[in-house]
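Work through these exercises with the model open in your viewer. Each one sets a task and then solves it in steps.

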Amino acid sequence: MPDNDTNTPSVLFVCVKNGGKSQMAAGLMRKTASDAVEVHSAGTEPGSAVNGLSAESLAEVGVDITGETPKPIDPVVLARVDLVVILGREATVEPPAGVRLVTWDTDEPSERGIDGIERMRLVRDDIAARVEALWAELLEPGGGPFDRP
């Protein structure tokens, strides 16, 4: 059961720079769940801007993240969200007691020599599938991964 003031499930997507993967996941979850999920994103070492190719690949599927800016993890948000999702292998977060943590070891096409917008589309599609699966779990009786231990 959600443990924030609104009874709306909440998720914090985290990556290192908060310029690509976590912004993509947040944008895709907002599109998928609308206002049914409180969505946040942050970085462990925030960069200075959203990745242009990330924004371009999301625009192709009707998601606009051009108004977003990278931000650090807000300890108040971290303490009250139901779920923290780490995207990739580099970021680490120690959530407070009672906050669930999952890591998505997302596709990294650059390891296969795929770069540019083609890379970003593959990353987007991987994250989109994971967001859809998370949303489906949330819709299950009992709230899926948002249930507190």
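## Exercise 1: Val37 and the nonpolar cores

Task: find what Val37 touches, not counting residues up to four places away in sequence.

Solution. Start at Val37 in this predicted model. Its contacts, beyond residues up to four places away in sequence, are Thr8, Pro9, Val11, Met29, Trp135 and Leu138.

Next, place Val37 in its wider setting. The largest nonpolar core has 26 residues, and Val37 belongs to the group that touches the most other members, together with Phe13, Met29, Val85 and Ile127. Two or more residues of this core come from each of E1, H1, H2, E3 and H4. The top contributor is H4, with seven residues.

Finally, look beyond this core. Another core of eleven residues lies apart from it, with Leu78, Val84, Ile86 and Val99 among its members.

## Exercise 2: The order of elements

Task: write down the order in which the elements of the chain run from the N terminus.

Solution. Count first: the chain has four helices and four strands. Then read along it: the order is β-α-β-α-α-β-β-α.

Now add two totals. Of the 149 residues, 47% count as buried. Among contacts in the chain with a separation of 6 or more, 68% join residues 24 or more positions apart.

## Exercise 3: Helix H1 and Ser22

Task: check the span of H1, then decide which of its residues are buried.

Solution. Take the length first. H1 has 13 residues, so at 1.5 Å a residue it should span 18 Å. Its end C-alpha atoms are 18 Å apart, which agrees.

Then take burial. Ten of the 13 residues of H1 are buried, so the helix is mostly covered, on the cut-off of under 20% relative accessible area. The buried ones are Lys21, Ser22, Gln23, Met24, Ala25, Ala26, Gly27, Leu28, Met29 and Ala33. They pack against E1, E2 (38-43), H2, E3 and H4.

Zoom in on Ser22, which is found in H1. Its relative accessible area is 0%, so Ser22 is buried. What does Ser22 contact, leaving aside its neighbours within four places in sequence? The list is Phe13, Val14, Cys15, Ser41, Ala42 and Leu87.

## Exercise 4: Helix H4

Task: compare the expected span of H4 with the distance between its end C-alpha atoms, then list its buried residues.

Solution. H4 has 24 residues, so at 1.5 Å a residue the expected span is 34 Å. The end C-alpha atoms are 35 Å apart, which agrees.

The buried residues of H4 are Arg119, Met120, Val123, Arg124, Asp126, Ile127, Val131, Leu134, Trp135 and Leu138. Consider the spacing of such a list. An α-helix has 3.6 residues a turn, so residues three or four places apart point the same way.

Which elements cover these buried residues? They include E1 (10-15), H1, H2 (52-59), E3 (83-87) and E4 (100-104).

## Exercise 5: The largest pocket

Task: describe the largest pocket by its volume and its lining.

Solution. The volume is about 370 Å³. The lining has 19 residues, and those nearest the pocket centre are Cys15, Lys17, Gly20, Lys21 and Arg119. Two elements give two or more residues to this lining: H1 (21-33) and H4 (116-139). H4 gives the most, with three residues.

Sort the lining by residue type. The result is seven nonpolar, seven polar and five charged residues.

## Exercise 6: Loop residues

Task: find the phi values of Asn18 and Ser34, then decide whether each residue is buried or partly exposed.

Solution. Begin with the background. Most residues other than glycine have a negative phi.

Asn18 sits in the loop between E1 and H1. Its phi is positive, near 55 degrees. Asn18 has a relative accessible area of 0%, so it is buried.

Ser34 follows H1 and lies in the loop between H1 and E2. Its phi is also positive, near 55 degrees. Ser34 has a relative accessible area of 46%, so it is partly exposed.

Close with Gly62, in the loop between H2 and H3 (75-80). With a relative accessible area of 62%, Gly62 is exposed. Gly62 and Lys31 are 31 residues apart along the chain, and their C-alpha atoms are separated by 8.3 Å.

Terms used:
Residues are numbered from 1 along each chain as its sequence is written. This is a predicted model: local features need pLDDT of at least 70, side-chain atom pairs count only at pLDDT 80 or more; totals for chains, interfaces and linings use all residues. Side-chain values use heavy atoms; hydrogens and water are left out. On a 1 Å grid over the protein atoms alone, a cavity is a set of points where a 1.4 Å probe fits but cannot get out, and a pocket is an open set with protein on both sides within 12 Å along at least five of seven lines; lining residues have an atom within 4 Å of a point. Grid points are joined across faces, edges and corners, and a volume is the space filled by probe spheres set on the points. Ala, Val, Leu, Ile, Met, Phe, Trp, Tyr, Cys and Pro count as nonpolar, Asp, Glu, Lys and Arg as charged, and the others, Gly among them, as polar. The expected span of a helix is 1.5 Å times one less than its number of residues. Buried means under 20% relative accessible area, exposed over 50%, partly exposed in between (1.4 Å probe, protein chains only). Contact means heavy atoms within 4.5 Å. A nonpolar core is a set of buried Ala, Val, Leu, Ile, Met, Phe, Trp, Tyr and Cys residues joined through side-chain atoms within 4.5 Å.
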